[in-house]
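Colleague: Got a minute to walk me through this structure?
Modeller: Sure, let me put it up.

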Amino acid sequence: MKILVTGANGYLGQGIVEALLNKGADVVAAGKTLDRVDNRAEKKVCDVFSVKDPFTYFGRPDTLLHLAWRDGFVHYSNAHIDDLPKHYGFIRAFSESDIKKISVMGSMHEIGFFEGSIKENTSCNPTTPYGISKNALRNLTDMLCGQKDKKFQWLRGYYIVGNSKYGSSIFSKITAAEAEGKSEFPFTMGKNQFDFIDYKEFCEQVVSAVMQDNVLGIINICSGHPEKLSDRVERFIKENGYKIKLKYGAFPDRPYDSKAVWGDSSKIERILNFNKINFLV
């Protein structure tokens, strides 16, 4: 299987490309810089939105895995709205090609304020430019794949736990602060409950989903259960042997964050169990 991965040099892209290669996929990695990408991948340094006839340029891949996204952790950035037509045009070009499947990274922020388990058919009412743009791209990609008879996957990501200093999550920021020798990290009260998934497991779930065609549509990339933010962050600090302490109450909770929200993991569990059975056979 030949898979084109856009945004390959990003926080998610690095681990996903490596996991794909470890599973035997033929990977074409694309991005403006690719210095942190596994050298086993074929690298295409470019602005993916400026490429003419991208299907041919990227070697006629079987699957597009579109991870590229600017300012993903800056939820009110204008870049989300500004870039939406570019994402649409890029995916439309592939929908009009001979590609077999289009998989795109989504976000639980498409849902907006919600409490409980997010299912495939949970209504979306996003309240930030990030969530609004992701939700719009999901609908547009679904439409294009339906019109052109392409297999469609929307990989809805949740809260990733990893100690890479290259990310923009709270966990990456704590790692960076620890490396700088800071003794305190400004924090909320941490009472909200979210669906946390370790970075390696996140990458494995994405790869497992993309390298099969039996389960399509919206797939939650998640743990399937909620955990209090303060508990997970404190555990993260302990797991990594950090000395930094949380300064509780330094920031208020974001008004658009749910009190308790998590993904329905039934589809990804079906994929993982199917893969496990095939491996044993």
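Modeller: Start with Arg60. Arg60 is partly exposed, at 47% relative accessible area. Keep in mind that this is a predicted model.

Colleague: Where does Arg60 sit in the chain?
Modeller: Arg60 sits in the loop between helix 2 (54-57) and strand 4 (63-66). Its phi is near 55 degrees, a positive value in a residue other than glycine.

Colleague: Why point out the sign of phi?
Modeller: Because most residues other than glycine have a negative phi.

Colleague: What is the phi of Asp149?
Modeller: About 60 degrees, so positive, although Asp149 is not a glycine. Asp149 belongs to the loop between helix 4 (129-148) and strand 7 (151-157).

Colleague: Is Asp149 buried or exposed?
Modeller: Exposed, with 70% relative accessibility.

Colleague: New topic. How many disulfides are there?
Modeller: Zero disulfides in this structure. Take Cys203, which is in no disulfide. The nearest cysteine sulfur belongs to Cys222 and is 15 Å away.

Colleague: And why is Cys222 not bonded to Cys124?
Modeller: The sulfur of Cys124 is the closest one to that of Cys222, yet it is 15 Å away, too far for a bond. A disulfide needs the two sulfur atoms within 2.5 Å.

Colleague: Are Cys203 and Cys222 buried or exposed?
Modeller: Cys203 is buried, with a relative accessible area of 3%. Cys222 is buried too, at 2%.

Colleague: Let's do rings. How many aromatic pairs are there?
Modeller: There are 12 aromatic pairs. One of them joins Phe171 and Phe196. That pair is edge-to-face, with 6.0 Å from centre to centre and 90 degrees between the planes.

Colleague: What does the pair of Phe171 and Phe196 tie together?
Modeller: Phe171 lies in helix 5 (residues 170-179) and Phe196 in strand 11 (residues 196-198), so the pair ties together parts that are 25 residues apart in sequence. Both Phe171 and Phe196 are buried.

Colleague: What about Phe171 and Phe236?
Modeller: Those two form an edge-to-face pair, with centres 5.0 Å apart and planes at 70 degrees. Phe236 is in helix 7 (residues 229-239) and Phe171 in helix 5, so this pair links parts 65 residues apart in sequence. Phe171 and Phe236 are both buried.

Colleague: Which residues make up the aromatic cluster?
Modeller: Tyr159, Phe171, Phe194, Phe196, Phe236 and Tyr242 form one cluster.

Colleague: Where do the charged ends of Lys44 and Lys134 sit?
Modeller: The charged end of Lys44 sits over the ring of Tyr57, 4.6 Å from its centre. For Lys134, the ring is that of Trp69, and the charged end is 4.0 Å from the ring centre.

Colleague: Now the inside. Which residues touch the most other members of the largest nonpolar core?
Modeller: That core has 33 residues, and Val5, Leu20, Leu65, Leu155 and Val206 touch the most other members. The elements giving two or more residues to this core include strand 1 (2-6), helix 1 (11-22) and helix 6 (199-210).

Colleague: Which element gives the largest share?
Modeller: Helix 6, with seven residues.

Colleague: And what does Val206 touch?
Modeller: Leaving out residues up to four places away in sequence, Val206 touches Ile16, Leu65, Met105, Leu155 and Ile221. Apart from this core lies another, of 24 residues. Among them are Phe55, Ile91, Ile99 and Ile218.

Definitions and conventions. Residues numbered from 1 in each chain as written. Predicted model: local features only at pLDDT ≥ 70, side-chain atom pairs only at ≥ 80, totals over all residues. Heavy atoms only, no water. Buried < 20%, exposed > 50% of the residue type's maximum accessible area, 1.4 Å probe, protein only. Helix = DSSP H or I, 4+ residues; strand = E, 2+ residues; numbered from the N terminus. Phe/Tyr/Trp six-rings, centres within 6.5 Å; stacked < 30°, edge-to-face > 60°. Lys NZ or Arg CZ within 6 Å of the ring centre and 35° of its normal. Core = buried A, V, L, I, M, F, W, Y, C linked by side-chain atoms within 4.5 Å. Contact = heavy atoms within 4.5 Å.
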